[in-house]
Amino acid sequence: MFKDKFVNRHIGPREAELSDMLDAIGVSSMEELINQTVPDSIRLKNPLNLSDGLTERQYFRKILDLASRNKVFNTYIGMGYYDTVMPAVILRNVLENPVWYTSYTPYQAEISQGRLEALLNYQTMVCELTSMEIANASLLDEATAAAEAMSMMYASRSRNMVKSGVNKILIDDKLWPQTLDVLITRSVPQGIELVIQPQSSFVPDETVFGIIVQYPDSDGVVRDYRELVNRAHEKDIKVAVAADLLSLAILVPPGEWGADIVFGSSQRFGIPMGYGGPHAAFFAARDEFKRIMPGRIIGITKDANGNRALRMALQTREQHIKREKATSNICTAQALLANMAGFYGVYHGPEGIRDIAERVHFIAGFLAGAITRLGYQQLNRNFFDTIRIALPRHVKREDIEWLSLDLEMNFRYFENGDVGISVDETTNLEDINWIVEVFARAANRPVPAIQDIDYTWSLEPGFRRSSAYMQQEVFKKYRSETEMLRYIKSLENKDISLTHSMISLGSCTMKLNAATEMLPLSWIEFNGIHPFVPKNQALGYHQMMEELRRDLAEITGMADVSLMPNSGAAGEYAGLMVIREFHLSRGEGHRKVALIPASAHGTNPASAVMAGMDVVVVNCDDRGNIDLTDLRAKAEQYRDLLAAFMVTYPSTHGVFEAAIAEMCSIIHQSGGQVYMDGANMNAQVGLTSPGAIGADVCHLNLHKTFAIPHGGGGPGVGPIAVAAHLVDFLPSHPVMNNGHIGINAISSAPWGSASVLPITYGYIKMMGADGLKKATEYAILNANYIACKLKNNYGVLYTGENGRVAHELILECRHLKSGSGITETDIAKRLMDYGFHAPTLSFPVHGTLMVEPTESESLQELDRFIEAMNQIFEEIKEIESGTADREDNVLRNAPHTALVIGGDAWTHPYSREKAAWPLEWLRNHKFWVPVGRVDNALGDRNLICTCGSPKEYDMFRED
């Protein structure tokens, strides 16, 4: 038996430990455990039809071969995607660093201070460049950010507008085509009327609530929108601007001419094109919108010791709390990419950013002059980086195209035959000569030899920025690589990630992100390709994606897969829009009711509302299962209106509900479609499938089940798999043929976040059918092992019919409060003293902790976590018995910082030893939290979302 199988590296427990774990659970074999856990009626009858698992070396050769089939040309297409230079210090120490890419969304602020600071830098940079008052910590991409801007303006209409039914928004036809397409997708179910026309034709009257323009526009033209904005504001109409972030280093920023919202992509700040993503969208607005701004916002507050601390602010805006009343379904953002873009800003500083922007601009201007002198007409008067060339009569588009391809260059080609050229920070003198050669040869002119370029402005003075930006200290200090490296490391040391310990977050699946899976992310053959290049330049990508689609279809028991959705929430929305379109195609557009269990994740009702559906909640019974009687009654009540039933399986309560097939049948009998939330697919793969239970569509979280890392809050990938009758409705793309002909685009890029797909591809290819099934079995094993070890002290809230949990479990903590005053939050904070990230807090049941260990954690790590939890239980019992003080105890004061433990003053009734080293192994394995317990309420009352703010000085000055 060969031991170099990847599955043996991916799964934590060793074969020799299996019998002891099974004994602890009370079963004799893995088969017996699975039989007790997964209902026999939905078990797969045959193994998955996938290839055998490859060794890591075999996979490396395979992915290297695929990479070699991609052609990396110099691409000047633009359209929202540009080549850029990622500083090696960021590549090596952030993108390739598991501390940054294996951490989770910073809900537990005390152990997330490093990435919170990086995100605060990003927000500050965005505010400075846009000249806006507040920015969030990223959105999914530019097109979805445009849709969020539209929804936010719609939600902020005046009372008179709402009363009058004002639903019209004016959209400049010079937005990127992918942005226009996503706006169409999102507007229709919300009842918003898009008026797409040249901005010169806009009539901002009483029937309009918002305007969206592009700056510079899709032709590359920089326009003066001041008069338009003033006219709009006179009618209480909001104005959103899609901006090129790099251009704002030299263009007058939208905030200075009255914009209400500014959004766009931060891809140009050191993030590779990656065949479309992932990239962090930025989103900034005036302060008045802070309560309804989508996404996460990082803010400043104090900790329990009065020191500066960071946290995610205004958390009551999050969809998991507001559910169907949420302003957005945003769950995952693009935190890792936002961190990298922020570090790019820190490393270059304002003078470096301006230098890059000016260089790009001057090169574009020089090219405009050089090509014009060859007999062409350059159409853009004021521009930043893009020129539009009208060809003389004797030059054909085909001449330019074949000459440029021969020199391995891609240009943009307009429908009327014009040629677009967008330059970027990588464009150099050699590139300029190649570009000019193409136009010279096409015009039968001598090819000039260009030795140097002129630095001439192609912007009238009124468009040039004069205001300073990014003057905060953080953007001045880290110019040398040594200092930048140490700064990144100083932030890294403040955070817990999978490099430190198990992250047992329920419903999050924090499994191994193997190094071999991650390697291709740094390869130019994958990250250096523009998403709109001819497909024959991306043959490796397309072979990989075709195989991946087939494998995911097989795993889910579905007919086809769309890779476009770039988060789990985007996948939910895409799936529901596919269902909506299916009903419309049958003349049943009146079907708008979505039945959603009370236990569902908050994105479910939020996504349903965005898809134009009316949410009806289905009750759960005392055992946490969906109440079949209530489901049947509501399906019958809404028989003629039922669109969909959204169900998570196994349930959000961590149980395989035996009646799942019957639930699906009830929905189908009432004319509805079944949408399965794939958040818990890690308990299904190889044992059952969405198709086997009767679902019509499901989304998958590749950043959970299929090994893409969470990145501290993104990227996520949420492809949808559909049954045969829904294939024709999968999302299409306006620029590239992505193989589907259905609804309009869901995200900017044709294939979503393509550059991270090799991670999932590698995971499936190396695990193989047997390995994937084994991973599922061990995920269930590990969860049941923890349940058996902790149930006596805490209690496991919900189990299946045979007393088993699926891949996760809910620990009951509510009974501890009455005798000790200790809450689930206190337990979560105390776990930090033991070096662990807390389980999921108060979801899906308030007052509980949800634990998901995944298959990747070893028995030793499971036992360490169990020992910590049981020791905390003993600390709670000390409070109950009166041995420990009810207020001044290790739990209420947790977490304890090194400054507190090592300080001169110690007034607590318990010892420093008990606070810091309650278990012996902590002496050699101690993570010191950088701050004490964070004051959330103070941060919300005094919202400070940029570094160096005068408000921050006021918060910390001595009274």
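**Exercise 1. Determine how many cavities of 30 Å³ or more a search of the whole structure finds, and describe the lining of the largest cavity.**

Solution. The search finds 12 cavities of 30 Å³ or more, where a cavity is a set of points on a 1 Å grid over the protein atoms alone at which a 1.4 Å probe fits but cannot get out, and lining residues have an atom within 4 Å of a point. The model is predicted, so that local features need pLDDT of at least 70 and side-chain atom pairs count only at pLDDT 80 or more, while totals for chains, interfaces and linings use all residues. Residues are numbered from 1 along each chain as its sequence is written, and side-chain values use heavy atoms, with hydrogens and water left out.

The largest cavity holds about 240 Å³ of space, a volume being the space filled by probe spheres set on the points, which are joined across faces, edges and corners. It is lined by 28 residues, of which G80, Y82, W176, Q214 and D244 are the closest to its centre. Strand 5 (208–215), strand 6 (238–243) and strand 15 (419–422) are the elements that give two or more residues to this lining; strands (E, at least two residues) and helices (H or I, at least four) are DSSP runs, numbered from the N terminus. By residue class, the lining of the largest cavity divides into 11 nonpolar, 10 polar and 7 charged.

**Exercise 2. Describe the lining of the second largest cavity.**

Solution. About 210 Å³ of space lies in the second largest cavity. Among its 20 lining residues, L95, L337, L521, S755 and V756 are the closest to the centre, and helix 13 contributes the most, with 3 residues. The lining of the second largest cavity divides into 16 nonpolar and 4 polar residues, with no charged ones.

**Exercise 3. Decide whether N738 counts as buried or exposed, and place N738 in its surroundings.**

Solution. N738 lies in the loop between strand 22 (720–722) and helix 25 (757–790). N738 counts as buried because its relative accessibility is 6%, buried meaning under 20% relative accessible area, exposed over 50% and partly exposed in between (1.4 Å probe, protein chains only). Leaving aside neighbours within four places in sequence, N738 is in contact (heavy atoms within 4.5 Å) with M564, P731, S732, H733, P750 and W751. With P731 in particular, the side chain of N738 reaches the backbone oxygen at 3.1 Å. Finally, the C-alpha atoms of N738 and L563 are separated by 9.3 Å, although these residues are 175 residues apart along the chain.

Note on methods. A polar contact is a pair of N or O atoms within 3.5 Å; within protein, one must be able to donate a hydrogen and the other to accept it, and residues adjacent in sequence count only if both atoms are side-chain atoms. On a 1 Å grid over the protein atoms alone, a cavity is a set of points where a 1.4 Å probe fits but cannot get out, and a pocket is an open set with protein on both sides within 12 Å along at least five of seven lines; lining residues have an atom within 4 Å of a point. Ala, Val, Leu, Ile, Met, Phe, Trp, Tyr, Cys and Pro count as nonpolar, Asp, Glu, Lys and Arg as charged, and the others, Gly among them, as polar.
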